[in-house]
Amino acid sequence: MKKVLSFFILMLLPMVTGAEEVEIDGIYYELVSKIKEATVKSNPNGKYTGNVVIPASVTYDGAEYSVTSIGGSAFYNCSDMTSVTIPNSVTNIGWDAFGGCRGLTSVYISDIAAWCNISFSNYSSNPLCYAQHLYIGEVEINDLLIPNSVTSIGDRAFYGCSGLTSVTIPNSVTSIGDGAFLNCI
C-alpha cells in the first residue's frame, strides 16, 4: 500500500507544481511553467560526459525558461565529465550535485559577482571540489579580484580552487561564508 501511495504522489507532483521533466540539447531539466524556471537534473539514461555547457535559458513548447538551479545529484558520479560551464542565471546548486566527478578539471563562468552569490548546498555541490580551476572565458583565475559590487561571498564559493595564488577582497564585502576559501592551497 505504501509503495502504491508513493507512486501516486510522485505521479501527481508534476501536476500540482506545474513541473515537467524534459531533455533539451542533451541536458535534462525540470521545468516549472508557472514561474518559467528550469533546474538541471540527472540524466536518467546514463551519465553526462565531456564538456557540459549549461545555458542561461532554454526554450520548450514556445516558452522560455531561465536556468536558475542545478538539482541535487544532477551530475553525481559523472566521472567522464571534464568541464562544466555555469551561467550567471544559476543561483542554487543542490546537495552533491557534483559529487564523485573525479574527471572534472575546469569550471567556466562569466561573472565573479554572480559566482559569489550562488548558494552551494554542501562541498560537493561546488564543481571546484574536483575541478580546482576556475575560468572566466578561457582565462584561468589565479589572481582573484572580488568586484566592489559584491557585499558577501557565499558558503563554499571558492572551495577547492587550488589555482588561486592571490585574493583581493574589497571593503564592500561585509561577510564571507563558511568554507568560502577552504582547500585553496
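Which backbone oxygen lies 2.6 Å from a polar atom of the side chain of Ser 89? It is the backbone oxygen of Val 67, and I would like to start from that contact and walk outwards. Please keep in mind throughout that what we are looking at is a predicted model.

Let me stay with Ser 89 for a moment. This serine lies in the loop between strand E7, residues 81-85, and strand E8, residues 92-93. One might ask whether a residue in this loop is buried or exposed, and for Ser 89 the relative accessibility is 18%, which is under the 20% limit, so Ser 89 counts as buried. Besides the oxygen of Val 67, the backbone oxygen of Ala 56 lies 3.3 Å from a polar atom of the Ser 89 side chain. If we set aside residues up to four places away in sequence, Ser 89 touches Ala 56, Ser 66, Val 67 and Thr 68.

Let us turn to strand E6, which covers residues 63-70, and look at two of its residues. Ala 63 is found in this strand, and with 16% relative accessibility Ala 63 counts as buried. Not counting residues up to four places away in sequence, Ala 63 touches Lys 36 and Val 58. There is also a pair worth finding on the screen, namely Ala 63 and Ser 33, which are 30 residues apart in sequence and 8.4 Å apart in space, going from C-alpha to C-alpha.

Further along, Ser 69 is found in strand E6, and this serine is buried, with a relative accessible area of 10%. The side chain of Ser 69 is joined to the side chain of Thr 39 by a polar contact of 2.7 Å. Leaving aside neighbours within four places in sequence, Ser 69 is in contact with Ala 38, Thr 39, Val 40, Val 90 and Asn 92. By comparison of position, the C-alpha atoms of Ser 69 and Ser 124 are 55 residues apart along the chain and separated by 15 Å.

Now to the nonpolar core. The largest one has 50 residues, and those that touch the most other members are Ile 70, Phe 75, Phe 98, Trp 115, Leu 134 and Phe 158. At least two residues of this core are supplied by each of several elements, among them strands E1, E2, E3, E6 and E7, and helices H2 and H3. If you select Leu 134, leaving aside its neighbours within four places in sequence, you will find this leucine in contact with residues including Val 107, Ile 109, Trp 115, Val 139, Phe 158 and Cys 161.

Which asparagine, then, touches Phe 98, Trp 115 and Phe 158, among others? That is Asn 126, whose contacts, not counting residues up to four places away in sequence, also include Phe 120, Arg 156, Ala 157 and Tyr 159. Asn 126 lies in the loop between strand E10, residues 119-120, and helix H3, and it is buried, with a relative accessible area of 0%. A polar atom of its side chain lies 2.8 Å from the backbone nitrogen of Leu 128, and the backbone oxygen of Ala 157 lies 3.1 Å from a polar atom of that side chain.

A second asparagine, Asn 43, is found in the loop between strand E3 and strand E4. At 16% relative accessibility Asn 43 counts as buried, and the backbone nitrogen of Asn 45 lies 2.8 Å from a polar atom of the Asn 43 side chain. Leaving aside neighbours within four places in sequence, Asn 43 is in contact with Tyr 28, Tyr 48 and Ala 74.

Next, a word on backbone angles. Most residues other than glycine have a negative phi. Asp 25, however, has a positive phi near 50°; this aspartate lies in the loop between E1 and E2 and counts as exposed, at 77% relative accessibility. Asp 96, which is not a glycine either, has a positive phi of about 55°, and is found in the loop between E8 and E9.

I will finish on the surface. Val 167, Ile 169 and Ile 176 form a nonpolar patch there, with about 220 Å² of accessible area together. Of these, Ile 169 lies in the loop between strand E15 and strand E16, and this isoleucine is partly exposed, with a relative accessible area of 34%.

How values were computed:
Residues numbered from 1 in each chain as written. Predicted model: local features only at pLDDT ≥ 70, side-chain atom pairs only at ≥ 80, totals over all residues. Heavy atoms only, no water. Patch = residues over 30% accessible without salt bridge, like charges linked within 9 Å, V, L, I, M, F, W, Y side chains within 5 Å. Areas by Shrake-Rupley, 256 points an atom, 1.4 Å probe, with all protein chains shown as cover. Salt bridge = Lys/Arg side-chain N within 4 Å of Asp/Glu carboxyl O. Helix = DSSP H or I, 4+ residues; strand = E, 2+ residues; numbered from the N terminus. Buried < 20%, exposed > 50% of the residue type's maximum accessible area, 1.4 Å probe, protein only. Polar contact = N/O pair within 3.5 Å; in protein donor to acceptor, adjacent residues only side chain to side chain. Contact = heavy atoms within 4.5 Å. Core = buried A, V, L, I, M, F, W, Y, C linked by side-chain atoms within 4.5 Å.
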